Amino acid sequence: MTDPTVRTALVTGASSGIGEATARRLAAEGYRVVAAARRRDRLDALAAEVPGVRAVTLDVTDQASVDALAASLDRCDVLVNNAGGAFGLEPVAEARVDDWQRMYDVNVLGALRVTRALLPKLVASGDGVLVMLTSTAAFVSYEGGGGYCAAKHAQTAMTETLRLELCGEPVRVVEVAPGMVKTDEFALTRFGGDAERAAKLYEGVPDPLTADDIADVIAFAVTRPAHVNIDRLVVRPRAQAAQHKVHRVT
Ligand code: 8X3
């Protein structure tokens with residue numbers, strides 16, 4: 001296994017949720033972690049608290065911001081493309097084009113910008129690992145999820161394409177697809193800050209996944225030996241057998 005003490009992991013969207021948990025977890029594994037996001041105050045607090053974490057401001061929708069980050073890194077061995085989110089839950093007939101555009105810009109084009117900028121460093125690593133955070137929404141669709149599902153499907157297509165194109169290069173391409181994860185912000189963002197609607201999403205679900213559960217899975221994937229590529233990990237809580245099949249205790 002590669003010595004993590006000299007390895008640098010870049011985690012996007014690291015100011016909260018799965019990104020923050022992943023930054024903490026990889027630091028605990030001995031990686032030098034670059035925690036990147038827009039909200040610098042949160043990143044600074046994280047970096048002050050967790051040894052091995054460095055805060056960097058990043059807006060994945062801004063090419064100049066992505067380029068500046070890439071230029072500032074002397075190396076990148078692990079890239080966790082985590083920045084993303086869902087905006088809105090309207091049926092297609094009432095979809096807001098702005099929401100769809102934002103979902104594409106952050107989830108799909110954001111991952112593309114960061115991947116393109118960091119790929120040379122992942123190759124130079126000699127054992128680069130690219131982790132793409134998608135979702136169970138990347139393989140199935142659900143009512144109201146049109147824009148988010150389309151964006152996540154696109155990320156999966158990008159991930160599969162990358163794995164094909166990088167075959168022969170020293171870079172592993174891993175997709176992690178979570179189902180129902182309860183984080184502080186995912187549902188809130190989706191419902192435009194409506195805490196009541198956000199809480200309803202998890203109502204009665206005994207044990208939704210946590211951000212730490214997903215960070216644990218990401219840590220597992222990136223710490224396998226260099227020849228082991230875990231293509232895709234689909235992770236759901238026990239109470240969610242399928243996208244629509246959620247056991248709720250009433
Ligand atoms: C989040 C899972 O079911 O809300 O990526 O789309 S879901």
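Which residues are around the ligand? In this predicted model, the residues around the ligand are S135, A137, Y142, Y148, G179, F186, R190 and Q243. By residue class, this shell divides into 4 nonpolar, 3 polar and 1 charged, and the space that the ligand takes up is the largest pocket.

Within this shell, the polar contacts to oxygen of the ligand can be followed residue by residue. The side chain of S135 places an N or O atom 2.6 Å from an oxygen atom of the ligand. A polar side-chain atom of Y142 likewise lies 2.6 Å from a ligand oxygen, and for Y148, too, a polar atom of the side chain is found 2.6 Å from an oxygen atom of the ligand. As for the cover that the ligand receives, its accessible area on its own is 250 Å², of which the protein covers 84%.

Y148 also leads from the ligand to the aromatic residues, where the count comes to 1 aromatic pair. This pair is formed by Y148 and F186 in an edge-to-face arrangement, with 5.6 Å from centre to centre and 65° between the planes, the angle being over the 60 degrees required for that class. The pair links distant parts of the chain, since Y148 belongs to helix 5 (residues 146-165) and F186 to helix 6 (residues 186-190), with the two 38 residues apart. Both Y148 and F186 are among the residues around the ligand.

How values were computed. Residues are numbered from 1 along each chain as its sequence is written. This is a predicted model: local features need pLDDT of at least 70, side-chain atom pairs count only at pLDDT 80 or more; totals for chains, interfaces and linings use all residues. Side-chain values use heavy atoms; hydrogens and water are left out. A residue is near a molecule or strand if one of its heavy atoms lies within 4 Å of it. A polar contact is a pair of N or O atoms within 3.5 Å; within protein, one must be able to donate a hydrogen and the other to accept it, and residues adjacent in sequence count only if both atoms are side-chain atoms. Accessible areas come from the Shrake-Rupley method with a 1.4 Å probe; for residues, only the protein chains shown count as cover. On a 1 Å grid over the protein atoms alone, a cavity is a set of points where a 1.4 Å probe fits but cannot get out, and a pocket is an open set with protein on both sides within 12 Å along at least five of seven lines; lining residues have an atom within 4 Å of a point. A molecule sits in a cavity or pocket if more than half of its atoms lie within 2 Å of its grid points. Ala, Val, Leu, Ile, Met, Phe, Trp, Tyr, Cys and Pro count as nonpolar, Asp, Glu, Lys and Arg as charged, and the others, Gly among them, as polar. Rings of Phe, Tyr and Trp (its six-membered ring) pair if their centres lie within 6.5 Å; planes under 30 degrees apart count as stacked, over 60 as edge-to-face and the rest as tilted. Helices (H or I, at least four residues) and strands (E, at least two) are DSSP runs, numbered from the N terminus.
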